[in-house]
Amino acid sequence: MSTQTAKLQTTTRTDTGKGAARRARREGQVPAVLYGHGSDPKHLLLPNLELAAILRASGVNAIIDLDIDGESQLALTRQVDVHPIKNYIQHVDLLIVRRGEKVIVEVPLVIEGETGPAGGLVVQDASVIEIEAEALHIPEHIVVSIEGLEPVSNVHAGDLELPAGVTLVSPADLLVTSVNEEKKSAEPAEGEGADAEAPAAEAAE
């Protein structure tokens, strides 16, 4: 969890539409829309390389200090659209936030720990949960501990240990991870195998 914000220079976008967006991306810019707190949406261009570096460092819920015509504005990355094949950032939705304000976001889940002596098959049933946290104190991820769990065990959202100041929004009974019994290879039924081959061999003689 970090309270630091990355600064990013922006350019106001005057041309809209698919053609203008393609031109901007060719020039190393990412089209973005900034909205929230009842203000009119602002169409911006963000430097692609710097934006990609921020998202790699801060995750999907990055807080960015935008420089818009010389004025500072904190924003949360609400949605990042990435090209499914070429893997470049196509568009970003940004939400205006203020210091001390709480926001509801989805946070990734990370499984940690080792199961008990009996082992078991670990299944991650949910990859994210929804939480409420201060905009500048959003955790990068939430840990799901499977330490010592035996088959069959279930971990629900309400079982997770959340950082101070973070509140669960997802249903408490949401199944996030389970430890199940491993499937065993099927054993030959009685009468099958070597004993069953003998009568067949005799019949062939």
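A pocket, as the word is used here, is an open set of grid points with protein on both sides within 12 Å along at least five of seven lines, and its lining residues have an atom within 4 Å of a point. With that in mind, the lining of the largest pocket in this predicted model can be described element by element. Strand β6 gives the most to this lining, with 5 residues. The pocket holds about 350 Å³ of space. Among its 20 lining residues, L55, G59, V60, V80 and V82 lie closest to the centre. Helix α2 and strands β6 and β8 are the elements that each give two or more residues to the lining. Sorted by class, the lining has 11 nonpolar, 6 polar and 3 charged residues.

It helps to step back and view the whole chain. The secondary structure of the protein chain comes to 3 helices and 14 strands. Of its 205 residues, 32% are buried. Contacts also reach along the sequence: among those between residues at least 6 apart, 64% join residues at least 24 apart.

Helix α2, already met at the pocket, spans residues 48–58, and its buried residues are L51, A52, I54 and L55. Why do these residues sit on the same side of α2? They cover an arc of only 160° around the axis, which puts them on the same side of the helix. A general rule is useful here: an α-helix has 3.6 residues a turn, so residues three or four places apart point the same way. On the face of α2 turned away from the buried side are the exposed residues L49, R56 and A57. The cover over the buried residues of α2 includes strands β1 (6–9), β3 (29–36), β4 (39–47), β5 (63–68), β6 (71–82) and β7 (89–96). After α2 comes G59, with a positive phi near 85°; G59 is also one of the residues closest to the centre of the largest pocket.

Helix α1 can be read in a similar manner. Its buried residues are A20, A21 and A24. Seen down the axis of α1, these residues fall within an arc of 100°, so they line one face of the helix. The face turned away from them carries the exposed residues K18 and R26. What do the buried residues of α1 pack against? Their partners are strands β3 and β4. A21 offers a worked example. This residue lies in α1, which runs over residues 18–26. A21 counts as buried because its relative accessibility is 10%, and buried means under 20%. The C-alpha atoms of A21 and L45 are separated by 9.3 Å, although the two residues are 24 apart along the chain. Following α1 is G28, whose phi is positive, near 85°.

Attention can now turn to the nonpolar cores. The largest has 23 residues, of which L76, L109, L160 and V176 touch the most other members. Strands β6, β8 (102–112), β10 (128–134) and β11 (142–145) are the elements that give two or more residues to this core. Which of them gives the most? That strand is β8, with 4 residues. L160 shows what such contacts look like: leaving aside residues up to four places away in sequence, L160 touches L109, I129, I142, V143, V144, V155 and V176. Apart from this core lies another, of 19 residues, among them V30, A52, I64 and L66. A52 is also one of the buried residues of α2.

Finally, some backbone details deserve a look. In general, most residues other than glycine have a negative phi, and most peptide bonds are trans. D69 has a positive phi near 55°, and D69 is a residue other than glycine. It is found in the loop between β5 and β6. Is D69 buried or exposed? D69 is exposed, because its relative accessible area is 65%, and the cut-off for exposed is over 50%. N87, likewise a residue other than glycine, has a positive phi near 65°. Its place is in the loop between β6 and β7, and with a relative accessible area of 61%, N87 is exposed. The peptide bond from P151 to V152 is cis, with omega near -5°. V152 lies in the loop between β11 and β12 (153–156).

Key: Residues are numbered from 1 along each chain as its sequence is written. This is a predicted model: local features need pLDDT of at least 70, side-chain atom pairs count only at pLDDT 80 or more; totals for chains, interfaces and linings use all residues. Side-chain values use heavy atoms; hydrogens and water are left out. Buried means under 20% relative accessible area, exposed over 50%, partly exposed in between (1.4 Å probe, protein chains only). The arc is that of the directions from the helix axis to the C-beta atoms. Contact means heavy atoms within 4.5 Å. A nonpolar core is a set of buried Ala, Val, Leu, Ile, Met, Phe, Trp, Tyr and Cys residues joined through side-chain atoms within 4.5 Å. On a 1 Å grid over the protein atoms alone, a cavity is a set of points where a 1.4 Å probe fits but cannot get out, and a pocket is an open set with protein on both sides within 12 Å along at least five of seven lines; lining residues have an atom within 4 Å of a point. Grid points are joined across faces, edges and corners, and a volume is the space filled by probe spheres set on the points. Ala, Val, Leu, Ile, Met, Phe, Trp, Tyr, Cys and Pro count as nonpolar, Asp, Glu, Lys and Arg as charged, and the others, Gly among them, as polar.
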